[in-house]
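Please open the model in a viewer and keep the selection panel at hand. The stops below are given in the order in which they may be selected.

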2 protein chains.
Amino acid sequence: MKRHALIFGLVGGTLIATLQYTEYRFVVLEHSVELYGALVAVLFAAFGIWLGLRITRRRETIRETVVLKEVLVPAETPALEPFAPNTEQQRTLGITARELEILALIARGLSNREIATELFVSENTVKTHCARAFDKLGAARRTQAVQRGKELGILP
Amino acid sequence: MKRHALIFGLVGGTLIATLQYTEYRFVVLEHSVELYGALVAVLFAAFGIWLGLRITRRRETIRETVVLKEVLVPAETPALEPFAPNTEQQRTLGITARELEILALIARGLSNREIATELFVSENTVKTHCARAFDKLGAARRTQAVQRGKELGILP
DNA sequence: GATGTCGTCATCCTTTCGGGTGATTTTGCG
DNA sequence: CGCAAAATCACCCGAAAGGATGACGACATC
């Protein structure tokens, strides 16, 4: 969490410096202060939203839930079932919550980049999780990982 | 979510107006632009963080209520549903039998090369079928194609 | 015979994935 | 606090996948 403050300070400082530097170029224009205000407002609002999302991201510990899944669907409504994940399999395979999260996003057809954006992490991190999850699942490709995950009941 | 945008606009507008109004009081001071920048930055960063919190909190609460539920269902066999393919969708999308065949193999986690071996055709042919099928499904990746195919009921 | 669809195969090029390795930071827990 | 697990990030490299385009033959249909 220390890094967030650092980033905040850096961005702020850079922006202030930029303002100070560019002041002599645009201050002769009309309404430059308002433009500055709007610019800074937009930038920092975006940054704040990002930061807010980032620091409040769900960090819940795994709960102990013993669950068996219910199938028996007439193949017409593919959704709507709550999907009780098979935590048993997940645990025995050593798949972490984060890895499962990424597996689920893979199953939904997202690319690594999209997953990275969705989870506010770098693409490299996603790839690392992927590699670990694939290894634990014995899969060589993401499609295979999805297939295995569904077989084992750890994916909807 | 619409209300957030409204609040955002209101706060922004008010701040801009305030800036414009107070310009004539502080513009004579030194570094007024930097002060404006810092002020606006802090305010909007705080606002952004608040917005981020607000947005994510609701999701978390929903998640909370859903999570700790203990389901118990007779451990039945997966029911062996024969999967009646939705030929309707397939036809309207213009997906040929061969393309569907390759889609099914993709869903099973095979690579293009493995599919080519399985079907006794060249890898290029498989890729062509893939491209066509992906285009008809509106998918950019094979995982997405599988997801779409299952949604539409043309894949088990 | 002209037309259209389907399956087949190719080439070129770009992007994405996956494997491997190493590193730092965060977090949970005793 | 200190340790271990988990999460994060980076870099490299080769393989796989994907896009675009063109081509050819079989087959059906009008």
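Select A:Asn112 together with DNA strand C: in this predicted model, a polar backbone atom of A:Asn112 is 3.3 Å from a phosphate oxygen of the strand. Move next to B:Ser122, where a polar backbone atom lies 2.7 Å from a phosphate oxygen of DNA strand C. At B:His129, a polar side-chain atom is placed 3.1 Å from a phosphate oxygen of DNA strand C.

Now display the helices around these contacts. Two or more residues of the surface near DNA strand C are given by each of α5 (112-119) and α6 (123-137) of chain A and α6 (123-137) of chain B. Colour α6(B) separately, as this helix supplies the largest share of that surface, five residues.

Then select every residue around DNA strand C, which yields 20 residues. Those that come nearest are A:Arg142, B:Thr96, B:Arg98, B:Ser122 and B:Asn124. On the DNA side, sugar and phosphate make up 68% of the atoms of DNA strand C that come within 4 Å of the protein. Colouring the protein side by class shows eight charged, eight polar and four nonpolar residues near DNA strand C.

Finally, hide the DNA and select chain A as a whole. Chain A contains seven helices and zero strands. Of its 156 residues, 38% count as buried. The accessible surface of chain A is about 9,300 Å², and carbon and sulfur atoms hold 61% of this area. With contacts displayed for chain A, consider those between residues at least 6 apart in sequence: 59% of them join residues at least 24 apart.

Conventions. Residues numbered from 1 in each chain as written. Chains lettered and ligands numbered in written order. Predicted model: local features only at pLDDT ≥ 70, side-chain atom pairs only at ≥ 80, totals over all residues. Heavy atoms only, no water. Helix = DSSP H or I, 4+ residues; strand = E, 2+ residues; numbered from the N terminus. Buried < 20%, exposed > 50% of the residue type's maximum accessible area, 1.4 Å probe, protein only. Contact = heavy atoms within 4.5 Å. Areas by Shrake-Rupley, 256 points an atom, 1.4 Å probe, with all protein chains shown as cover. Near = heavy atom within 4 Å. Polar contact = N/O pair within 3.5 Å; in protein donor to acceptor, adjacent residues only side chain to side chain. Nonpolar A, V, L, I, M, F, W, Y, C, P; charged D, E, K, R; others polar.
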